[in-house]
Amino acid sequence: MAILRLTLASRLAEIKRFGAALAEFLDEEGVPPSLAHRVKLVIEELVVNVIQHAFDDGREHTILLDVRTEPGGVAIVVEDDGKAFDPRRARAPALRDLVDTGKSGGLGLAMIQKLARDLSYQRIDGRNRVRAFVAHRVP
Amino acid sequence: MNIELIVVPTSENVSHVQLVGRLDVLAMKEIDVRFHGETAARERSAIVDLSRLEFITSLGIGMLFGCAKSLRRRGQTMVLLGSTGFVDTALRTVGVHEVIPFATTLDEARRLARDARS
């Protein structure tokens, strides 16, 4: 079992930095491409969602990302001190409505719910803690 | 560069573009305006070749939806061509194939684009 821990600033430019570190980690750990792609997507959707929606005070915040390889898949933990938000409660949008409006609201969370299993959420001491497990076997 | 938008010359009355690379949040912000300019703004059906796209996120899919909406309002359509591997999996995971036509060959894409106008 190997662990990657990253501290990210709450700005979109961080996506490139953590994307490179994550790709290197998954490659070094021999994570197969199909699983690595799903892990990258789940993490990017979680982190972008935090950056875009968790904060409304105009200040830069810190997001903690913890990725660990486990038997059967990869476990992901994302922590932030933004507004309380439980991603399990998000409802998948009606796709027809999204095409009619030309928007993608809720689609990222729908992707997370489809690609990850054991999605859990805790609110501890004013912090959001989301855990997801992406399995070798496609859900 | 994460993403590249290639305009494919065509004699047909459709737009044809190819997306190459990663369509994540940063890439989407980089090419969104140009993508709409080369597809929806032309007011004719568009073939979007995804065969060389390696990665796509929900915001990238949102960009496709925005284009599809604009074209649909004008009685035109967008056809997604040649998605493979992870990109195809990601699109089908959330059901994009249920609302935007997919094609595996250029001939099929052209036919679907033509059918939308007839």
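Two strands count as paired when DSSP finds at least two bridges between them. With that in hand, let's work through this predicted model.

**Exercise 1.** Find how strands β1 and β2 of chain A pair, and how many bridges join them.

*Solution.* Start with β1(A), residues 3-9, and β2(A), residues 62-70. Seven bridges link these strands, and the sense is antiparallel. To check the register, look at A:Thr7, which stands opposite A:Leu64 in β2(A).

**Exercise 2.** Follow β2(A) onward: which strand does it form a hairpin with, and which residue in the turn has a positive phi?

*Solution.* First, β2(A) is joined to β3(A), residues 73-80, by seven bridges in an antiparallel arrangement. Next, take a point of register: A:Val67 faces A:Ile76 of β3(A). Finally, inspect the turn of this β2(A)-β3(A) hairpin, where two residues lie between the strands. There A:Gly72 has a positive phi of about 95°.

**Exercise 3.** Now turn to chain B: work out the strand order of its open sheet, and explain why one side of β1 and of β5 is left without a neighbour.

*Solution.* The five strands run in the order β1-β2-β3-β4-β5, with mixed pairing. β1 (3-7) and β5 (102-103) of chain B are at the edges and have a single partner strand each, so one side of each lacks a neighbour in the sheet. For β1(B), five bridges connect to β2(B), residues 15-23, in antiparallel fashion. One example is B:Ile3, whose bridge partner in β2(B) is B:Gly21.

**Exercise 4.** Identify which strands of chain B helix α2 of chain A lies across.

*Solution.* Helix α2(A), residues 33-53, lies across β2(B) and β3(B), the latter spanning 46-56. Its angle to β3(B) is about 100°.

Notes
Residues numbered from 1 in each chain as written. Chains lettered and ligands numbered in written order. Predicted model: local features only at pLDDT ≥ 70, side-chain atom pairs only at ≥ 80, totals over all residues. Heavy atoms only, no water. Helix = DSSP H or I, 4+ residues; strand = E, 2+ residues; numbered from the N terminus. Contact = heavy atoms within 4.5 Å. Axes fitted to C-alpha atoms, helices over the stretch in contact; angles between N-to-C directions.
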